[in-house]
Amino acid sequence: MVKSVVSPSLLSCDLANIATDASMMIEYGADWLHMDIMDGHFVPNLSFGPPVIGSLRKANKDAFLDCHLMVSEPAKWVAPMAKAGANIFTFHIESEMPEGGAQALIDSVKAAGMKVAIALKPDTPAEEVYPYADQLDMILVMTVVPGFSGQSFMGSVMPKVEAIREKYPDMDIQVDGGLSPKTVDAATAAGANVIVAASAIFGSDDRKGVITTLRSSVDKSLA
């Protein structure tokens, strides 16, 4: 049975005070902390890497660090991310796979002690993840083109979420990109239960209220 999970994206926090903002999110009711790992190749931007994850882990020992890797060669990041303290390692199926393919990468992530998830860009068919779904802890459906915060939510992706939910009723399905109190209902109605939000939370004067609203949308759809 899936449950509601709210995972604020720290890409939109005050980066000079990331540990403080992370603790605030947990205090306000967030379940996970979403960390966007960008290498400047798979996506144009650079963002967090293992040193930041490691520092955040030291400052927030019990936080669940939800790490989304937008990198060209995710296999090279498995050991550093595990050492840094990542809880879940989400890689893009569109990225370059090691010898042995996505299966080898899944196996290495699990062997390193992390949960594993696969992310799909908006244009990537749901079927790409099906061969591996029974081994995954989560599937991430991107609702924007990965790489930049502040994009508009792509409602056109919701049939993909619906298809995955119908096929895997007990799967954690995460959506990431443009999620806010105005757009979340479309995502949760389609079957998403893990909600990533960045600017909608950190740009609000009522961050706790936004987290509560996002969770309430999931809970309503699950009821």
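Me: What makes the charged end of Lys-167 count as sitting over the ring of Tyr-130?
Reply: In this predicted model, the charged end of Lys-167 is 5.1 Å from the centre of the Tyr-130 ring. The distance cut-off is 6 Å, with an angle limit of 35 degrees from the ring normal. The value of 5.1 Å is within that distance, and the pair is listed as a charge over a ring.

Me: Where does the charged end of Lys-121 sit?
Reply: Over the ring of Phe-42, at 4.6 Å from its centre. That value also falls within the 6 Å limit.

Me: Why is the aromatic pair of Trp-32 and Phe-64 called stacked?
Reply: The search of the whole structure gives two aromatic pairs. For Trp-32 and Phe-64, the ring centres are 4.5 Å apart and the planes differ by 25°. Pairing requires centres within 6.5 Å, and stacking requires planes under 30 degrees apart, so this pair meets both conditions.

Me: What parts does the pair of Trp-32 and Phe-64 tie together?
Reply: Trp-32 belongs to strand E2 and Phe-64 to strand E3 (residues 64-70), so the pair ties together parts 32 residues apart in sequence. Both Trp-32 and Phe-64 are buried.

Me: How do you know that Arg-207 and Asp-21 form a salt bridge?
Reply: Their closest N and O atoms are 4.0 Å apart, and the rule asks for a nitrogen within 4 Å of a carboxyl oxygen. The pair is counted as a salt bridge. Arg-207 is in helix H8 (residues 207-222) and Asp-21 in helix H1 (residues 18-27), so parts 186 residues apart in sequence are tied together.

Me: Why is Asp-21 called buried or exposed?
Reply: Asp-21 has a relative accessible area of 7%. Buried means under 20%, so Asp-21 is buried.

Me: What makes Asp-31 and Arg-215 a salt bridge, and how accessible are they?
Reply: The N to O distance is 2.8 Å, which is within the 4 Å cut-off. Asp-31, in the loop between H1 and strand E2 (32-38), and Arg-215, in helix H8, are 184 residues apart. At 18%, Arg-215 is under 20% and therefore buried. At 29%, Asp-31 lies between 20% and 50%, so Asp-31 is partly exposed.

Me: How do you know which class of accessibility applies to Glu-73 and Lys-76?
Reply: Glu-73 and Lys-76 form a salt bridge at 3.2 Å. Lys-76 has 59% relative accessible area, over 50%, and is therefore exposed. Glu-73, at 31%, falls between the two limits, so Glu-73 is partly exposed.

Notes. Residues are numbered from 1 along each chain as its sequence is written. This is a predicted model: local features need pLDDT of at least 70, side-chain atom pairs count only at pLDDT 80 or more; totals for chains, interfaces and linings use all residues. Side-chain values use heavy atoms; hydrogens and water are left out. A salt bridge is a side-chain nitrogen of Lys or Arg within 4 Å of a carboxyl oxygen of Asp or Glu. Helices (H or I, at least four residues) and strands (E, at least two) are DSSP runs, numbered from the N terminus. Buried means under 20% relative accessible area, exposed over 50%, partly exposed in between (1.4 Å probe, protein chains only). Rings of Phe, Tyr and Trp (its six-membered ring) pair if their centres lie within 6.5 Å; planes under 30 degrees apart count as stacked, over 60 as edge-to-face and the rest as tilted.
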